Amino acid sequence: MIEQSVEVTYPRPGACVVTVYGDQDRGTAEQFERQLSELIGLNELVVVDVGKADFVDSSFLRNILVADRRAREQAKRFRLQLGTAPIVRRALEVSGVLARLEVAYTREAALQGTIEAQEAPDSRSACV
């Protein structure tokens, strides 16, 4: 049996946050893909928080890209909340996933209506 490695919370109507824990790999991929698909169908905004993940493999990366595509097809929003182990962040950077998704660095930013910038805090000066 696969130990539950995700937690879903509903901070407001129409929005959910999926917090992933531990290792996200092929062993959890099929269940995670189904869960994301269902959540996208039921919510206007789905945030995946990888802050508690220790490891992600290519199946996880694929699942979040597929989820993003499904959300766009349904005129929904999908975001990644970053703030995670260096190995996870590196996998997201090297794979190009960070460049393709809406990324937030705090829960508050992830739940906002729009994302102003995809840069990490202090990585670039903001121009107004």
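In which helix does glycine 27 lie? Glycine 27 lies in helix α1, helices being DSSP runs of H or I with at least four residues and strands DSSP runs of E with at least two, numbered from the N terminus. The model is a predicted one, in which local features need pLDDT of at least 70 and side-chain atom pairs count only at pLDDT 80 or more, while totals for chains, interfaces and linings use all residues. Residues are numbered from 1 along each chain as its sequence is written, and side-chain values use heavy atoms, with hydrogens and water left out.

**Helix α2 and its surroundings**

Helix α2 covers residues 58–73, and its 16 residues should span 22 Å at 1.5 Å a residue, which agrees with the 22 Å between its end C-alpha atoms; the expected span is 1.5 Å times one less than the number of residues. Ser59, Phe60, Leu61, Asn63, Ile64, Val66, Ala67, Asp68 and Ala71 are the buried residues of α2, where buried means under 20% relative accessible area, exposed over 50%, and partly exposed in between (1.4 Å probe, protein chains only). Among the elements that cover these buried residues are β2 (15–24), α1 (26–42), β3 (45–56) and β4 (77–81).

**Packing of α1 against α2**

The axes of α1 and α2 are 9 Å apart and meet at an angle of about 15°, which makes α1 roughly parallel to α2. Axes here are lines fitted to C-alpha atoms, for helices over the stretch in contact, with angles running from 0 to 180 degrees between N-to-C directions; angles under 35 degrees count as roughly parallel, over 145 as roughly antiparallel, 65 to 115 as roughly perpendicular and the rest as oblique. On the α1 side the contact (heavy atoms within 4.5 Å) is made by residues including Arg26, Ala29, Phe32 and Leu36, and on the α2 side by residues including Ser59, Phe60, Asn63 and Ala67.

Serine 59, found in helix α2, counts as buried at 14% relative accessibility, whereas glycine 27 is partly exposed with a relative accessible area of 45%. The C-alpha atoms of serine 59 and glycine 27 are separated by 9.2 Å, although the two residues are 32 residues apart along the chain; those of serine 59 and phenylalanine 32, 27 residues apart along the chain, are separated by 9.9 Å. Leaving aside residues up to four places away in sequence, serine 59 touches Asp25, Arg26 and Ala29.

**Polar contacts**

The table lists polar contacts, each a pair of N or O atoms within 3.5 Å; within protein, one must be able to donate a hydrogen and the other to accept it, and residues adjacent in sequence count only if both atoms are side-chain atoms.

| First partner | Second partner | Distance |
|---|---|---|
| Serine 59, side chain | Arginine 26, backbone nitrogen | 3.3 Å |
| Serine 59, side chain | Aspartate 57, side chain | 2.5 Å |
| Arginine 79, side chain | Glutamate 102, side chain | 2.6 Å |
| Arginine 79, side chain | Alanine 110, backbone oxygen | 2.7 Å |

Arginine 79 lies in strand β4 and counts as buried at 0% relative accessibility. Its partner glutamate 102 lies in strand β5 (residues 102–104) and also counts as buried, at 14% relative accessibility.

**After helix α2**

Alanine 75 is found in the loop between α2 and β4 and is exposed, with a relative accessible area of 65%. Most residues other than glycine have a negative phi, but phi of alanine 75 is positive, near 55°.
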